[in-house]
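Reader: I should like to learn how the surface, the charge pairs and the backbone of a model may be read from its coordinates. Might we go through them in turn?

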Amino acid sequence: MKLATDNISKSIKEYCKLLSLPVVADCYETEAENAVKTKSSYQEYLYKVLQNQIIVRMDNSINAKIKKAKFPFIKTIEEFDFSFQPSIDEKLIRELANLNFLSHAKNIIFVGPPGVGKTHLSVAIGIKVAKARKRVLFFTAEELINQLISAELSKKLPTYIDSLSRIDLLIIDELGYLEIGKHAASLFFKLISKRYEKTSTIVTTNKPFDEWGDIFGDEVVAAAILDRLLHHSYPFLIQGKSYRVKELFDKKQK
């Protein structure tokens, strides 16, 4: 006994709901009409319907990863004005945006004064990582230190460091703007050591490497942290003007 068209339609929508396929429920009739017009095979029709669902699900997955990363803003490589910062190797930045550095657990370190685009570039690369459906987290150095101290106080430090060590890309922004006490520096060292040669880290800092002892209040710990970060890394020493000053000047000119 053949089912009525209305009953079939109702059942399909119920099945799609049970299987969490909302896009299929929305598009299967339209795609069926297109299939008739183009004389597509059953396989081609099924492929098209499932493809629509996959595209939306992938987009949702990417959006979820971007949201979970907690970026302070959304910026892309394409938005970066390399002509304003000629000291930055644009070709290398674009190569890094292909994300091959992740498979080799290499780090990226942006060193330079405030406003030269360090955070923009780190976020832009982070967005690429999220779009590749890999895990990325963004912290300011202060936020990260506070999280590590909180985890230690709640006796969850090993678990917390272990969870961060599995993140494909950890971005630590604004290292050097505030001094880090010796004890906090030891917690930071534990995290960097756990990630060493396993996963990638991006660090932005306003302090040259020879001043990192001042940041951590301990030359030995600073040297140990630098040793692990720099061993497999792409350091960028940015010598340039501030974008913020440029934008302020441009506004006044208008």
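Reader: Is glutamate 179 buried or exposed?

Author: In this predicted model, glutamate 179 has a relative accessibility of 71% and therefore counts as exposed, since the cut-off for that class is over 50%. Glutamate 179 lies in the loop between β3 (169-175) and α9 (182-195).

Reader: Which residues form a negative surface patch?

Author: The patch consists of Glu179, Asp210, Asp214 and Glu219.

Reader: Which residues form a nonpolar patch on the surface?

Author: That patch is made up of Tyr15, Leu18 and Leu19, which together have about 400 Å² of accessible area. Tyrosine 15 belongs to helix α1, and it counts as exposed because its relative accessibility is 54%.

Reader: How should one read a salt bridge?

Author: The general idea is that side chains of opposite charge can pair when their charged atoms come close. The rule applied here asks for a side-chain nitrogen of Lys or Arg within 4 Å of a carboxyl oxygen of Asp or Glu. By that rule the count is five salt bridges.

Reader: With which residue does glutamate 90 form a salt bridge?

Author: The partner of glutamate 90 is arginine 94, and their closest N and O atoms are 3.0 Å apart. Both residues lie in helix α4 (residues 90-96); because they are four residues apart there, about one helical turn separates them. Glutamate 90 is partly exposed at 34% relative accessibility, and arginine 94 is likewise partly exposed, with a relative accessible area of 36%.

Reader: Which side chain meets that of aspartate 168 in a salt bridge?

Author: It is the side chain of arginine 135, with an N to O distance of 3.8 Å. This pair links distant parts of the chain, the two residues being 33 residues apart. Aspartate 168 sits in the loop between α8 (157-165) and β3, whereas arginine 135 sits in the loop between α6 (118-131) and β2 (136-140). As to accessibility, aspartate 168 is partly exposed at 24%, and arginine 135 is partly exposed at 38%.

Reader: What is the N to O distance in the salt bridge of lysine 207 and glutamate 211?

Author: The distance between these side chains is 3.9 Å, N to O. Lysine 207 has a relative accessibility of 26% and so counts as partly exposed; glutamate 211, at 30%, is also partly exposed.

Reader: Which residues are linked in a network of salt bridges?

Author: The network comprises Asp162, Arg166 and Lys194.

Reader: How should the sign of phi be read?

Author: As a general guide, most residues other than glycine have a negative phi. A positive value in such a residue is therefore a departure from what most residues show. Serine 20 provides one case here, with phi near 55°. Serine 20 is located in the loop between α1 (5-18) and α2 (22-38) and is partly exposed, its relative accessible area being 45%.

Reader: What is the phi of lysine 70, and where is that residue placed?

Author: The phi of lysine 70 is near 65°, again a positive value in a residue other than glycine. Lysine 70 is placed in the loop between α3 (42-69) and α4. With a relative accessibility of 62%, lysine 70 counts as exposed.

Reader: How many helices and strands are there in the chain?

Author: The chain has 12 helices and five strands. Its radius of gyration is 24 Å, well over the 18 Å that the globule rule gives for 254 residues, so the chain is more spread out than a compact globule. Along the principal axes, the C-alpha atoms fill a box of roughly 85 × 55 × 35 Å. Of the 254 residues, 41% are buried.

Reader: How far apart in space are leucine 153 and glutamine 239?

Author: Their C-alpha atoms are 40 Å apart, while in sequence the two residues are 86 residues apart. Leucine 153 is found in helix α7 (residues 141-153), and it is exposed because its relative accessible area is 68%.

Terms used
Residues are numbered from 1 along each chain as its sequence is written. This is a predicted model: local features need pLDDT of at least 70, side-chain atom pairs count only at pLDDT 80 or more; totals for chains, interfaces and linings use all residues. Side-chain values use heavy atoms; hydrogens and water are left out. Patches are made of residues with over 30% relative accessible area and no salt bridge: like charges are joined within 9 Å, nonpolar side chains (Val, Leu, Ile, Met, Phe, Trp, Tyr) within 5 Å. Accessible areas come from the Shrake-Rupley method with a 1.4 Å probe; for residues, only the protein chains shown count as cover. Lys and Arg count as positive and Asp and Glu as negative; His and the chain ends are not counted. The place of a charge is taken as NZ of Lys, CZ of Arg, CG of Asp or CD of Glu. Buried means under 20% relative accessible area, exposed over 50%, partly exposed in between (1.4 Å probe, protein chains only). The radius of gyration is taken over C-alpha atoms; the globule rule is 2.2 Å times the number of residues to the power 0.38.
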